[in-house]
Amino acid sequence: MKKMKKEILIIEDEKMLAEMYKERFEQEGFHIHSAFDAEEGMNMVKELKPDLIILDILLPRENGVEFLRKMREIKELSSISVVAFSNYDDLDTKKEALALGAKEYLIKTNYTPSEILKKVIYYLEN
Amino acid sequence: MSFYLIETVILIIVSISSVMIGSWVYQNDRKNPLNKWFAIISLLIVLWVNSAYFAANLTIKETSLFLYRINSAVVSLFLASAYIFSVFYFIKKKSSVLFKFVFSGSLLFFFLSLFTNLIVNNVVEKEWGIGMMFGPLGDFYKLFALFVTVAIIYQLSHYYITAEKKEKLKIQYFFIGIALLAVFNIIFNIIIPFITSSVRLQHVGDFSAIFFLGLTAYAIVKQKLFGIRIVFTTLFVALISILLLVDLLVFTDIFVIKLFKMITLLAFIVFGYALAKSVTKEVKQREKVEKLSTKLATTNIRLEAAYKKLKELDKAKSEFISIVSHQLRTPLTAVKGYLSMIKEGNYGKIPKKVENKIENIYNGNERLINLVNDMLSVSRIETGKVDIGLEKIQIKDTVSEIVKNMSIIAKDKNLYLRFKNKSRRIPKANIDIDKIHQVILNIIDNALKYTKKGGVVVEVNKKEEKGVKSVVVSISDTGEGMTKEECLKMFYSFSRGSAGSLLHSEGAGLGLYVSKKFVEMHDGNIWVGSEGKGKGSTFFIELPIKGPKDKKNEKNEKRNSNN
C-alpha cells in the first residue's frame with residue numbers, strides 16, 4: 001500500500017519558528033514546505049497544491065488575510081484547508097480569517113508544536 | 001409762533017449739539033485722526049449754519065453779503081473735510097488723483113467764494129430777510145458739491161460690499177447721516193424753491209447736518225452698534241415727532257386743537273419710545289441667539305474633531321498593543337516550542353538533573369505567556385473591544401469540568417478539590433461560557449495556589465433578591481484567609497492580598513481584574529469574604545439568570561461592524 005506523504009505548506013516569516021515547526025512535523029512523517037511571505041506562499045500553493053496550509057497572519061508586505069482572500073478566489077485552490085496561526089491577537093482579524101474559511105485561528109504561544117501537530121492531523125482527517 | 005423764532009431755536013439746538021458732539025468724539029480719542037477730522041467737521045457745520053442764519057436775518061446788506069460769502073467758503077471746506085474724513089480715515093484708502101482734484105477744487109471755490117463775486121454775486125432783500133444770488137460759476141459750484149458727495153458715496157459703497165459685519169454697521173450709520181443731509185438739502189435748496197419759487201427755506205436743509213453728525217459720531221465712538229432697524233425706528237419716530245411739533249406750533253391757531261395735538265404728540269413719543277425699546281430688545285436677543293448658535297456650532301465642530309482624534313488614538317493604541325504582544329510572543333513561542341520538544345525527548349534522553357531545570361524554564365516561560373495574554377485581555381476590555389456571546393448554560397457542567405481538570409494539580413499539592421451538592425437544582429443562566437469558564441478557572445486556580453493544606457470546596461447556589469434571580473458559585477479554601485481590608489481591596493487593584501505579596505509570587509493579579517470585568521459584563525458580582533487571618537476565604541461569583549440588562553452583545557456587534 002502506497003502511503004502518500006502529506007504535503008504541508010507553512011507560511012511563516014520568522015525563520016526561527018518555521019524551522020522549529022518543520023522539524024517537528026517532519027519527525028511525524030509530513031513533507032513540509034516553507035514560504036516566508038505571501039507572494040512566495042501563493043506561488044508555492046499553485047505549484048504544490050498542498051494538503052494543508054499553516055498560515056501566519058502578520059507577514060511582510062501582504063498579510064495573511066489578503067493571501068487567504070486571494071486564494072479563495074482561485075477555484076482550484078479554494079478547497080485546501082487552512083489553519084490560521086499567529087501571535088497577532090486581533091479580534092477583527094480573527095473573524096475575517098474564519099469568515100474566509102480558515103479552520104481555526106490559533107495563537108502560537110498557547111500551543112506546543114506537538115499540540116499544533118494534533119490539530120493538523122485532525123483537520124487532515126476531516 | 002413765527003418761523004423766525006423756530007429757526008432761531010433750531011439754530012441754537014443744532015449749534016450747541018454740534019459743539020457737544022464734536023468735543024465728545026474728540027475727547028474719546030484725541031490721537032486718532034478720524035476723531036480730529038470729525039471735530040473739524042463739527043466746527044465747520046456750526047459755522048455753516050450760523051453764517052447762513054445770520055446772513056439771512058441781518059439787516060445790513062453788506063454784512064449779509066460778506067456772511068453769505070463766508071458761508072459758501074465754509075461749505076467748500078466742509079466738502080474737502082468730509083472727503084478726507086470719510087475716504088482717508090473711515091475706509092483708509094488714499095487715492096491720490098481724486099483727492100488732488102477734490103482738494104484743489106475746494107481750495108479754488110474757497111477763494112472764489114471769499115474774494116470774488118463769481119460764486120456769490122449779490123444779495124437781495126426779500127420779505128423774509130436777505131437772500132443771496134448766485135454768480136456765473138454758481139452752477140459749477142453746485143456741480144462740484146454734487147460730485148464730491150457722489151465720490152464719497154461711491155467709494156463708501158465699494159468698501160461696504162467687501163467690509164466685514166462690524167465695519168458694515170459703521171458705514172450704514174454714516175450713510176444714513178449723509179443721506180439725510182443730502183435729502184434735506186435737496187428738498188430745501190432745490191425742490192421747494194423750484195415749487196414755491198421762494199428761497200425762504202433754503203438754509204433750513206442745512207440743519208439736517210445734525211443728524212449726520214449724530215449718527216457718524218455714534219458710529220465712531222461706540223464699539224457696539226445697534227442694528228439698522230433700531231436706527232430707522234428711532235429716526236422715524238423722531239422725524240414724525242418733529243413734523244407733529246411743527247404742525248402743532250406753526251399751523252394750528254386754535255388753542256383747544258393745539259392742546260389736542262400736543263397730547264397726540266406726547267402719546268406718539270411715548271409709543272415711539274416703547275417701540276424703539278422693543279425693537280432694541282428683539283435685536284439684542286437675536287444677536288445673543290446668533291452668538292450662542294455660532295458658539296454651539298464651533299463647539300460641535302471641535303467636539304467632532306476631538307472625537308475623531310480620540311477614535312484614531314484608540315485604534316492606534318490597540319493596534320500598538322496587538323503588534324507589541326506579537327513581538328513579545330515570538331521569542332516566547334520559540335522557547336516554549338523547543339523546550340516542549342526537548343521534554344518530549346525529541347533530542348534524546350535528558351539527564352535527570354537537567355530535566356528539572358528544563359521544567360522550571362518551561363514554567364517560567366508559561367508565566368510570561370500568560371502575562372502577555374492577560375495584558376491583552378485587559379487592554380481589550382479597556383478599549384471596549386470585547387464581545388459577549390450569551391447562551392443558556394447549565395453552570396454546574398462548567399464547574400464539574402473545571403474541577404475534573406484541576407483535580408490533578410490539587411492532588412499534586414496534596415489538597416482536595418470538591419464540588420459539593422452537585423444534585424441541587426440550579427436553573428440555566430444566560431452567560432458567555434468562555435468568559436465565565438475563564439473566571440471560575442482563575443478563582444479555583446488562585447485558591448489552590450494560596451492554600452497550603454486542606455483544600456477547596458466549590459458550590460453552586462441559586463439566589464433571588466429584589467425580584468432578580470441569579471446563580472452563585474462559591475469557592476471556599478482553607479488557606480491564609482484575609483482581613484476585611486484585604487477582602488475589599490482584592491478586586492480593586494492588582495493586589496494579591498498580603499499572603500500573595502509575602503510568600504507567593506506566581507502570576508500577577510491581572511487574573512482577578514479580568515475576572516471582575518468579565519463578571520461585570522454579565523451585570524454580575526464578584527467578591528470575597530473571610531473570617532479572618534488563618535481562617536480561609538470564600539470567593540463568590542453571582543450571575544443574573546437573565547443575563548446582562550442592556551444587550552451588550554448587540555451593542556458590541558454594531559460597534560464592530562462600524563469599525
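Start where the two chains meet: seven residue pairs, both members at pLDDT 80 or more, are in polar contact between chain A and chain B. The model on screen is a predicted one.

**Stop 1: the chain A side of the interface**

Select helix H1 (15–27), helix H4 (91–99) and helix H5 (113–125) of chain A; each of them supplies at least two residues of the side that touches chain B. H1(A) gives the largest share of that side, with eight residues. Colour the side of chain A that touches chain B by class, and ten nonpolar, six polar and nine charged residues appear.

Now show both partners together. In this contact, 25 residues of chain A meet 25 residues of chain B. About 2300 Å² of area is buried between chain A and chain B, and carbon and sulfur atoms give 53% of that area.

How many salt bridges are counted between chain A and chain B? The count is one. To see it, select Arg24(A) and Glu344(B), whose side chains meet at 3.9 Å, N to O. As background, side chains of opposite charge can pair when their charged atoms come close.

**Stop 2: the sheet of chain A**

Hide chain B and look for an open sheet of five strands in chain A, in the order E2-E1-E3-E4-E5, with parallel pairing. Which strands stand at the edges? They are strand E2 (31–35) and strand E5 (105–107) of chain A; each has a single partner strand, so one side of each is left without a neighbour in the sheet. On average, neighbouring strands of this sheet are turned by 20° against each other, direction ignored.

Next, select strand E1 (residues 7–11) of chain A along with E2(A): five bridges pair them in the parallel sense. Within this pair, Ile11(A) stands opposite Ala35(A) of E2(A). Then add helix H3 (residues 64–73) of chain A, which packs on the sheet and touches E1, strand E3 (52–55) and strand E4 (81–86) of chain A. The direction of H3(A) makes about 155° with that of E3(A).

**Stop 3: a salt bridge inside chain A**

Over all chains, a search of the whole structure finds 20 salt bridges. For one inside chain A, select Lys108(A) and Glu12(A), where the N to O distance is 2.5 Å. Lys108(A) is in the loop between E5 and H5 of chain A, and Glu12(A) is in the loop between E1 and H1 of chain A, so the pair ties together parts 96 residues apart in sequence.

**Stop 4: the five-stranded sheet of chain B**

Bring chain B back and find its open sheet of five strands, ordered E4-E6-E7-E9-E8, with mixed pairing. At its edges are strand E4 (416–420) and strand E8 (525–530) of chain B, each pairing on one side only. From one strand to the next, the twist averages 20°.

Select strand E7 (residues 468–477) and strand E9 (residues 537–544) of chain B, which run antiparallel and are joined by eight bridges. The bridge partner of Ser474(B) is Phe540(B) in E9(B). Helix H11 (residues 395–412) of chain B packs on this sheet, touching E4, strand E6 (455–465), E7 and E9 of chain B. The direction of H11(B) makes about 165° with that of E4(B).

**Stop 5: a hairpin in chain B**

Finish with strand E1 (residues 120–125) and strand E2 (residues 130–134) of chain B, an antiparallel pair joined by five bridges. Val120(B) has Phe134(B) in E2(B) as its bridge partner. E1(B) and E2(B) form a hairpin with four residues between them. In the turn, select Gly129(B), which has a positive phi of about 155°.

Key. Residues numbered from 1 in each chain as written. Chains lettered and ligands numbered in written order. Predicted model: local features only at pLDDT ≥ 70, side-chain atom pairs only at ≥ 80, totals over all residues. Heavy atoms only, no water. Contact = heavy atoms within 4.5 Å. Buried area = accessible area lost by both parts, 1.4 Å probe. Salt bridge = Lys/Arg side-chain N within 4 Å of Asp/Glu carboxyl O. Polar contact = N/O pair within 3.5 Å; in protein donor to acceptor, adjacent residues only side chain to side chain. Nonpolar A, V, L, I, M, F, W, Y, C, P; charged D, E, K, R; others polar. Pairing = 2+ DSSP bridges. Axes fitted to C-alpha atoms, helices over the stretch in contact; angles between N-to-C directions.
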